[in-house]
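Dear colleague,

I am handing over a structure for you to look through at your own pace. Please open it first, and then read the notes that follow it.

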Amino acid sequence: MNDDDYSATALGSHWFQGPDPEPDRREGEVLRFGPGVTAAAARRAGNTPTAVQIWQGTLPGAPPQRSPRPRRPRRHALAALVLVAVLAFLAWREYGPRVAVRDVAVTAAGPLGCDGTADVMGVVRTDGRPGTLTYHWERSDGTRSAPLRETLARGQEEARLHLLWTFHGPGTHRAVARLVITSPAARTAEGAFTYRCG
């Protein structure tokens, strides 16, 4: 063939292939979609298509179905509940409300003789809960003790706190001792006695 005689419009129909003469079609009222074999593909493969094809798969956007979870046994639920209640009670006893002071009193025996030592006693009554008292003593001669602590056990409703006060030399002196509770609440009480020598 001469190149001068060649023309694109002279190409025969064997150079291209048109669409399948039998495209997928609607059969009855059933539409096929999703994965599966179409009617046209089945004809090309030599199979006889059925009028209805069963679709298997998941629709786009639909969550997969989950099998129901088996119920867990509840036979230990009561035991767990009792255990939690006991632990809560023990925690409340240990970390719950602390000791509360109900009353404070101070007593001192007298009169005191020459070169004697007075035993001044402070009595603190509480509600019986455990805790720690913080306190100090103040004396009428202007001295003051360092901060002191008294630990109370559960059920202990009274604490006895002592101050030893020693005197020397002749003379007469009226002494006052003051007990100051600083925690768990501020409370104060005082007692007096007389020193006589000479």
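**The four-stranded sheet**

The strands that I would like you to find form an open sheet of four, in the order 4-3-6-7, and their pairing is antiparallel. The edges of this sheet are strand 4 (148–152) and strand 7, each of which pairs on one side only. From one strand to the next, the twist averages 25°. Please keep in mind as you read that this is a predicted model.

As general background, the strands of a sheet pair through backbone hydrogen bonds, and this can happen in a parallel or an antiparallel way.

If you begin at the edge formed by strand 4, you will see that strand 4 and strand 3 run antiparallel and are joined by five bridges. Within this pair, G131 is the residue that stands opposite L152 of strand 4.

The next step across the sheet takes you from strand 3 (residues 131–139) to strand 6 (residues 171–183), and these two pair in the antiparallel sense over six bridges. Here you can look for H136, which stands opposite V180 in strand 6.

Which strand is joined to strand 6 by 11 bridges? It is strand 7 (residues 187–197), which runs antiparallel to strand 6. In this pair R178 faces its partner E190, which stands opposite in strand 7. If you follow the chain from strand 6 to strand 7, you will pass through a hairpin, in which three residues make the connection.

With best wishes

Note on methods:
Residues are numbered from 1 along each chain as its sequence is written. This is a predicted model: local features need pLDDT of at least 70, side-chain atom pairs count only at pLDDT 80 or more; totals for chains, interfaces and linings use all residues. Side-chain values use heavy atoms; hydrogens and water are left out. Two strands pair if DSSP finds at least two bridges between them. Axes are lines fitted to C-alpha atoms, for helices over the stretch in contact, and angles run from 0 to 180 degrees between N-to-C directions.
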